[in-house]
Amino acid sequence: MADRITGAVLLVVAAWYTAESRSFEGGALAGPVGPGAFPLFLGVVLGVLSLYLLVRPDPRPTWPHRSMWLSGGTVVASSLAYAYALVPLGFLVATTVELVVLGSLFRARLRSVIPAALALSLATFWLFDRFLKLPLPEGLVG
Amino acid sequence: MDVLTNLADGFSVALLPRNLLLAFLGALVGTMIGVLPGIGPITGVAILFPLTFSLELEPASALILLAGIYYGAMYGGSTTSILLNVPGEASSVVTTLDGYQMARQGRAKPALAVAAIGSFVAGTVSIIGLMAFGPLLSRLAIEFGPAEYFVLLVAALSLISSLAGKNVFKALIAGVFGLMLATIGVDPGSGVPRYTFGQLKLMDGVDFLVVAIGLFAVSEVLILLEQSRVGAALVPTGRRAWITMRELAFSAGAMVRGSLLGFVIGTLPGAGASISSFVSYTLERRLSDRDQTFGKGDIRGVAAPESANNAAAGGALIPLLTLGVPGSGTTAVLLGALISMNITPGPLLFENHPDVVWPLIASMYIGNVMLLVLNLPLVFLFVKILTVPRWILMPAVVVISYIGVYAVNNSPFDILVMTAFGAIGYVMRKLDFPLAPVILGLVLGVLMETNLRRALIVSDGSMSIFFASPLTKFLWVVVLGVLVGPVALSRVRKARQQVVDAEAEL
């Protein structure tokens, strides 16, 4: 069943991708192959492949366990939040918070995860920003 | 001997103190990364590549660092196979068969030593192979026109897809998905923005590093989150010597055979390290397993695959450097790295950038020597990494991924993209889609479209150019064989099985 759903989703993606490829104009510069030709080709190939997946799915792919939706979702959500918070809050603050969140997901106790998160973000900040000269956003504390 | 002078020049660059230090650091960090389960050479190279910019390394030095990480990560993977029965990467899965058995019999040290020595032998074989075939093939490849290139890329992608996963169709979907990702951004041929959703930040396309780190590193964290496996127990290693001359002599044949076979398999696009280690183990078993000792701790069962996967890493450099066609996920990342340093691998590379190619080849050899003298004494220190609790190890991987991704463009937007690909990668792995073809498609997409364009400009729009030369015809046969072959084979096998079953019932 999982494969059929995937096949259906991919078919929709392929259809959208192909339709979109028809809207690219201004191919005069590119010679016989306009900006839409290669995408059109890819879209059709993906369409055919996803049809095959719909018709002949693998027997039993395993779905993630139900508890995974929550913890996996937290990883993704916190990571997205991190991207938005990184510049305004700065690397040290954002990273410490993110490390506490992730550490807790791996079943660490707050008592041990908070100092570890603080130490780790300080250490990585020092290593990458100060020592390896890879500038990281400073934000609130720099 | 032109080649030898070039190689000597290469060594003189690679042996500069700074480059030696980089090779050392690369091997060290690479081994640590390789020891971590699931985080292999691809992730290591992708995460640490942005560093080469911030350190303002010249191309040769940057490549030396990356090559060290690549080699170190492969070796680290075999260490955990032997000591913990936990393969660090796909290429060291077979090493667990005899390596872990040896460790359980108190022969962990000889197993680790033979893996390192085998890698060293393999490094020697592949450096000779590179010297012999690299310039030769690049001279051949100069004759390639855009049509040949296009078909070659199609062949490479289909080869990789047919070998990457259990289901060819899923692998092909992954490859096409990668190609589609490559079309995001302003089309270099016409200046038209494509699939950017009106996002200014997508005009330059999605960076392969961001995708690679998301697909491999972030999805790995998600996978590990799911498995609540407790750390495996370390096998006691015994007090005996590293390796005796007898053991060395006993496994010498396996090392040489593994190296030669691995090198040849490595040069084929798509085959790469994991397949070569598997094939060479099978071959060695057929050839030498007279007393049925394989699988019960036979030292040759470690020597053969460990030599093969290292030789394959060297062999994979041949199509990468001479044709600009990477044969594996890791070499695809290396290709992306080369391109972003404004070095285009291909037939002209050996002529235009000998200052890059030969130091790279030399440094791979030096990397091997370093692994030999550095890792054996330190191996137990590396394995200690696994005793660090997972709740600190995995978040640390995530943070280093953030830093790597942020460093690519100094843009938090890339962290969003990385996260999205982490989720996509997780779903793909759950559904048995291989990840490497995505990276390959993404790196090769632009090349493919450009060559398609050039070819059709040459031929004035006629598709016949793709079937004109003997080489393109040959490559189409390869594509057909690769795509139809496995399906046909499984049909035949199934039919035969039915016949056997029917006979059994009678």
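A residue counts as buried here if 20 or more other C-beta atoms lie within 10 Å of its own. With that in hand, here are the close-up views of this predicted model.

**View 1. Helix α8 of chain B is mostly covered.** Let us start with α8(B), which runs over residues 168-182. How many of its residues are buried? The count is 15 of 15. From the first C-alpha to the last, this helix of 15 residues reaches 21 Å, close to the 21 Å expected at 1.5 Å a residue. Helix α8 also returns in the next view, as one of the helices on the side of chain B that touches chain A.

**View 2. Chain B meets chain A.** Here 49 residues of chain B are in contact with 58 residues of chain A. On the chain B side, at least two residues each come from α3 (41-54), α8, α9 (208-226), α17, α18 and α19 (436-458). Which helix gives the largest share? That is α17(B), with eleven residues. For the model as a whole, the scores are ipTM 0.92 and pTM 0.83.

**View 3. Helix α5 of chain A crosses helix α17 of chain B.** Two packed helices are described by the angle between their axes and the distance between the axes. For α5(A) (residues 110-131) and α17(B) (residues 390-409), the axes come within 11 Å and cross at roughly 35 degrees. Is this crossing left-handed or right-handed? It is right-handed. If you would like to find the residues that meet, look in α5(A) for A:Val113, A:Ala116, A:Leu120, A:Thr124 and A:Phe128. Their partners in α17(B) are B:Trp391, B:Ile392, B:Ala396, B:Val399 and B:Ile403.

**View 4. B:Thr124 sits in helix α6 of chain B.** This helix covers residues 108-141. Why does B:Thr124 count as partly exposed? The reason is its 16 C-beta neighbours inside 10 Å, because partly exposed residues fall between the buried limit of 20 or more and the exposed limit of 12 or fewer. B:Leu63 is 61 residues away along the chain, and 19 Å separate the C-alpha atoms of the two residues.

**View 5. Chain A is divided into two parts, domain 1 and domain 2.** Domain 1 spans 2-55 and domain 2 spans 66-131. Taken over C-alpha atoms, their centres are 38 Å apart.

**View 6. Confidence varies along chain B.** The average pLDDT of chain B is 82, and 91% of the residues score at least 70. Confidence is lowest in helix α20 (residues 470-505), at a mean of 74, and highest in helix α18 (residues 413-430), at 92.

Terms used: Residues are numbered from 1 along each chain as its sequence is written. Chains are lettered from A and ligands numbered from 1 in the order in which they are written. This is a predicted model: local features need pLDDT of at least 70, side-chain atom pairs count only at pLDDT 80 or more; totals for chains, interfaces and linings use all residues. Helices (H or I, at least four residues) and strands (E, at least two) are DSSP runs, numbered from the N terminus. The expected span of a helix is 1.5 Å times one less than its number of residues. Domain bounds come from an automatic or database domain assignment. pLDDT is the predictor's confidence in each residue, from 0 to 100. Axes are lines fitted to C-alpha atoms, for helices over the stretch in contact, and angles run from 0 to 180 degrees between N-to-C directions. A crossing is left-handed if the near helix is turned anticlockwise from the far one by less than a right angle, and right-handed if clockwise. Two residues are in contact if their C-beta atoms, placed from the backbone, lie within 7 Å.
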